[in-house]
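Here is a quick tour of a single structure, written for someone who likes cut-offs spelled out. Have the viewer open and follow along.

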Amino acid sequence: MAEAKIYATDELVKQIITLQNICKDLKFALNNDSIKIFNDNKACMAWSKKTTTKGLHHIQIRENGIRESILNKLISIDHVAGAINMAVIFI
């Protein structure tokens with residue numbers, strides 16, 4: 001489950017960066033705040049902050065957009081409990 005969340009979060013980060021670049025090209029005013037991503041998977045959050053567990057050490061993403069974006073302060077990943085996660089209703 002954590003591996004799927006990591007790949008999904010990586011795709012989300014890539015889409016966010018793409019949208020930010022499009023907005024910059026179109027000269028839309030953007031604030032410089034980092035974009036908050038809420039995730040209900042603690043293993044994914046730990047992995048994105050460079051804490052790798054034994055079960056997740058095999059995951060290698062070609063372009064590690066999550067960790068780079070956190071280091072560049074483009075995004076931040078915060079935990080949200082699964083019971084109150086709005087996205088869970090779609091699963």
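Where does Asn 41 lie? Asn 41 sits in the loop between strand 1 and helix 2. Before going further, some ground rules. This is a predicted model, where local features need pLDDT of at least 70 and side-chain atom pairs count only at pLDDT 80 or more, while totals for chains, interfaces and linings use all residues. Residues are numbered from 1 along each chain as its sequence is written, and side-chain values use heavy atoms, with hydrogens and water left out.

**Overall layout**

The protein has 3 helices and 2 strands, and from the N terminus on they run α-β-α-α-β. Helices (H or I, at least four residues) and strands (E, at least two) are DSSP runs, numbered from the N terminus. Of the 91 residues in the protein, 31% are buried. For that label, buried means under 20% relative accessible area, exposed means over 50%, and partly exposed is in between (1.4 Å probe, protein chains only).

The accessible surface of the protein comes to about 6600 Å², and carbon and sulfur atoms hold 59% of that. Areas come from the Shrake-Rupley method with a 1.4 Å probe, and for residues only the protein chains shown count as cover. As for contacts (heavy atoms within 4.5 Å), take those in the protein with a separation of 6 or more: 73% of them join residues 24 or more positions apart.

**Around Asn 41 and Cys 44**

Back to that loop. Asn 41 counts as buried, at 13% relative accessibility. Its side chain reaches the backbone nitrogen of Cys 44 at 3.0 Å. That is a polar contact, meaning a pair of N or O atoms within 3.5 Å; within protein, one must be able to donate a hydrogen and the other to accept it, and residues adjacent in sequence count only if both atoms are side-chain atoms.

Cys 44 itself lies in helix 2 and is buried, with 0% relative accessibility. Leaving out residues up to four places away in sequence, Cys 44 touches Lys 5, Ile 6, Thr 9 and Asn 39. Cys 44 and Ile 77 are 33 residues apart along the chain, and their C-alpha atoms are separated by 9.5 Å. Cys 23, on the other hand, is partly exposed at 23%. The structure holds 0 disulfides (a disulfide being a pair of cysteine sulfur atoms within 2.5 Å).

**Salt bridges**

Side chains of opposite charge can pair when their charged atoms come close. Here a salt bridge is a side-chain nitrogen of Lys or Arg within 4 Å of a carboxyl oxygen of Asp or Glu, and by this rule the count comes to 4. Among them are these:

| Pair | N to O distance |
|---|---|
| Asp 40 and Lys 5 | 3.0 Å |
| Lys 14 and Asp 10 | 3.3 Å |
| Glu 11 and Lys 14 | 3.9 Å |

The pair of Asp 40 and Lys 5 links distant parts of the chain: Asp 40 is in the loop between strand 1 and helix 2 (42-48), Lys 5 is in helix 1, and they are 35 residues apart. Asp 40 is partly exposed, at 22% relative accessibility.

Asp 10, Glu 11 and Lys 14 are linked in a network of salt bridges. Why are Lys 14 and Asp 10 separated by about one helical turn? Because they are 4 residues apart in helix 1. Glu 11 and Lys 14 are 3 residues apart in helix 1, so about one helical turn separates them too. Burial varies across this trio: Asp 10 is buried at 2%, Lys 14 is partly exposed at 27%, and Glu 11 is partly exposed at 44%.

**Loops with positive phi**

Lys 27 lies in the loop between helix 1 and strand 1. Its phi is near 65°, a positive value in a residue other than glycine, and Lys 27 is exposed at 72% relative accessibility. Lys 73 lies in the loop between helix 3 (65-71) and strand 2 (75-79). Lys 73 has a positive phi of about 60° although it is not a glycine, and it is exposed with a relative accessible area of 62%.

**A nonpolar patch**

Which residues form a nonpolar patch on the surface? Leu 19, Ile 22, Leu 26 and Phe 28 do, with about 410 Å² of accessible area together. Patches are made of residues with over 30% relative accessible area and no salt bridge; like charges are joined within 9 Å, and nonpolar side chains (Val, Leu, Ile, Met, Phe, Trp, Tyr) within 5 Å. Phe 28 is in the loop between helix 1 (2-25) and strand 1 (35-39).
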